[in-house]
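Trainee: I would like to learn how to read a structure like this one. Please show me the structure, and then we can take the features in turn.

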Amino acid sequence: MRKRQISPTQASEPASSSTWLDVEHTASVEVTSEENGFPIESALLGVEGGWRAANSGAQTIRLIFDEPQRLGRIWLVFEDSENVRTQEFVLRWSSDNGNSFREIVRQQWNFSPPDSIREAEDYAVELSGVTALELTIVPDKSGGAARASLASFRVA
């Protein structure tokens, strides 16, 4: 019998950053709002602090690719250590420059500090010809004043 010891992997972290799409050079981004000091680039490039909306209510982040892309993975991380709330997000993609969208996932998450403050989602997808990827976040389904935030939004 042959045996090797391997290091455990943590399910809450992406396995490798070497495969992430360089969105800084392959896409433009549209965002409904952002708070000073928390730009969308932070979430897209993996910079500490992430993105935060300047206003409460539903927010949209849209990646518009320069050339159609083949995507196999979408990584999202949401964090909130201050507010008790139920968030819903919808992730959609387009192959016709945003004229029509197809839903990938619609999901709700209950933030309940201090125990439930981080939602990490790692989606394996098989999408070809992606020209736009859109994330819509409703930060508080009850209509409260919570603002949307996103620690990480990576695609491969």
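Trainee: What percentage of the residues in the protein is buried?

Mentor: This is a predicted model, and in it buried residues make up 37% of the 156 residues. About 9,100 Å² is exposed by the protein, with carbon and sulfur atoms supplying 44% of that area.

Trainee: How many helices and strands are there in the protein?

Mentor: The protein has 2 helices and 8 strands. Read from the N terminus, their order is α-β-α-β-β-β-β-β-β-β. Contacts tell you how such a chain folds back on itself. Of the contacts between residues at least 6 apart in sequence, 73% join residues at least 24 apart.

Trainee: Which residues have the most contacts inside the largest nonpolar core?

Mentor: Start with the general idea. In soluble globular proteins, nonpolar side chains tend to be buried together. Here the largest nonpolar core has 30 residues, and L76, L133, L135 and F153 have the most contacts inside it. Elements giving two or more residues to this core include α2 (40-45), β3 (59-79), β6 (118-138) and β8 (152-155). Take L135 as a case: leaving out residues up to four places away in sequence, L135 touches ten-odd places you can look up, among them I61, L76, F89 and F153.Trainee: How do I tell whether S149 is buried or exposed?

Mentor: Compare the relative accessibility with the cut-off: buried means under 20%. S149 is at 11% relative accessibility, so S149 counts as buried. This residue lies in strand β7. The side chain of S149 reaches the backbone oxygen of E79 at 3.1 Å. Beyond four places in sequence, the contacts of S149 include W51, F78, R85 and I137.

Trainee: Where is S112, and how does a serine there compare with the cut-offs?

Mentor: S112 is in the loop between β5 and β6. Its relative accessibility is 35%, so S112 counts as partly exposed. Distance along the chain and distance in space should be read separately. S112 and T86 are 26 residues apart in sequence, and their C-alpha atoms are 8.8 Å apart.

Trainee: Is E88, a charged residue, buried or exposed?

Mentor: Apply the cut-off again. E88 has 12% relative accessibility and therefore counts as buried. E88 is found in strand β4, and its side chain makes a polar contact of 3.5 Å with the side chain of R106.

Trainee: What separates the C-alpha atoms of E88 and V138 in space?

Mentor: They are separated by 5.2 Å, although the two residues are 50 residues apart along the chain. V138 is also one of the residues that E88 touches, along with Q107, T136 and K141 among others.

Note on methods:
Residues are numbered from 1 along each chain as its sequence is written. This is a predicted model: local features need pLDDT of at least 70, side-chain atom pairs count only at pLDDT 80 or more; totals for chains, interfaces and linings use all residues. Side-chain values use heavy atoms; hydrogens and water are left out. A nonpolar core is a set of buried Ala, Val, Leu, Ile, Met, Phe, Trp, Tyr and Cys residues joined through side-chain atoms within 4.5 Å. Buried means under 20% relative accessible area, exposed over 50%, partly exposed in between (1.4 Å probe, protein chains only). Helices (H or I, at least four residues) and strands (E, at least two) are DSSP runs, numbered from the N terminus. Contact means heavy atoms within 4.5 Å. Accessible areas come from the Shrake-Rupley method with a 1.4 Å probe; for residues, only the protein chains shown count as cover. A polar contact is a pair of N or O atoms within 3.5 Å; within protein, one must be able to donate a hydrogen and the other to accept it, and residues adjacent in sequence count only if both atoms are side-chain atoms.
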